[in-house]
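Reader: Hi! I am new to reading structures, and I would like a close look at one part of this one. Could you walk me through a helix, its surroundings and the charged pairs that go with them?

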Amino acid sequence: VSASFAEILQNPRTKRTSMKFRARDAGGFSHYIELVGTNLHDVPTVRGIVIYARDVTERELAEEILRESEEKFRLLAENAQDLIYLYRLSPTSGFQYVSPSATTITGSRPEEYYADPELLFKLVHEDDRHLVERFWRSPEAYVEGFPAQRWIRKDDGVIWTEQRNKLIHDREGNLVAVEGIVRDVTDRKR
């Protein structure tokens, strides 16, 4: 591996390159190694090569765990019966994510939510809109739950929903997004 790496660096046009590979130590444990190489050259000749190697096993394993976790969340969210969403408030308002179950619950596809940042609010029955307005005036008061409210489906049917929210703050404590789960509780209300 290092021979081909060095060959790349011997080309005067190459200033810097890097590569990652797996290697086993004397104890048989597998490690991720990253090589970063820089050549020292005066065109047209290379005067020397500096190669820096570091063990990036912890970083690679953490990224692998994160990728697996994201995949599990995606599969869970995309197969959930509840509507799951992430609504960002900053830098601009809009839906970051809407689960496919939105179509079943509201009749509107996720793409429609992405195109219209106000769609979720427009679905709320006019007699229950005061609940949504109250939430946006004081979101911290509704973290544990949201009172049941009526929504108007795209086909004009009325459903009852319950909603739970999680507020997302930046490092300075500013509210930047809301994660939500909406459940159709129409049968229970009946």
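Author: Happy to help; here is a walk from one helix to the loops beside it and then to the salt bridges. Please keep in mind that this is a predicted model.

Let's start with helix H6, which spans residues 129–137. Its buried residues are Leu-131, Val-132 and Phe-135. Around the helix axis, these three cover an arc of only 95°, so they sit on the same side of H6. A general rule helps here: an α-helix has 3.6 residues a turn, so residues three or four places apart point the same way. What lies over the buried residues of H6? The cover includes helix H5 (119–123) and the strands S6, S7 and S8 (175–184).

Next comes the loop between H5 and H6, where you will find Asp-128. Is Asp-128 buried or exposed? It is buried, because its relative accessible area is 7%, and the cut-off for buried is under 20%. Asp-128 forms a salt bridge with Arg-150, and their closest N and O atoms are 3.0 Å apart. Arg-150 belongs to strand S6, so this pair ties together parts that are 22 residues apart in sequence. In general, side chains of opposite charge can pair when their charged atoms come close.

Now follow strand S6 (146–152) to the loop between S6 and strand S7 (158–169), where Asp-156 is found. Asp-156 is not a glycine, yet it has a positive phi of about 75°. With 63% relative accessibility, Asp-156 counts as exposed. Asp-155 is exposed too, at 52% relative accessibility. The side chain of Asp-155 forms a salt bridge with Arg-153, with 3.3 Å between the closest N and O atoms.

Finally, let's look at salt bridges elsewhere. The whole structure has 13 of them. One of these joins the side chains of Arg-59 and Glu-34, at 3.7 Å from N to O. This pair links distant parts of the chain: Arg-59 is in helix H2 (residues 57–79) and Glu-34 in strand S2 (residues 30–42), 25 residues apart. Glu-34 counts as buried at 11% relative accessibility, whereas Arg-59, at 34%, counts as partly exposed. Both residues also belong to a network of salt bridges that links Lys-20, Glu-34, Arg-54, Arg-59 and Glu-60.

Notes. Residues are numbered from 1 along each chain as its sequence is written. This is a predicted model: local features need pLDDT of at least 70, side-chain atom pairs count only at pLDDT 80 or more; totals for chains, interfaces and linings use all residues. Side-chain values use heavy atoms; hydrogens and water are left out. Helices (H or I, at least four residues) and strands (E, at least two) are DSSP runs, numbered from the N terminus. Buried means under 20% relative accessible area, exposed over 50%, partly exposed in between (1.4 Å probe, protein chains only). The arc is that of the directions from the helix axis to the C-beta atoms. Contact means heavy atoms within 4.5 Å. A salt bridge is a side-chain nitrogen of Lys or Arg within 4 Å of a carboxyl oxygen of Asp or Glu.
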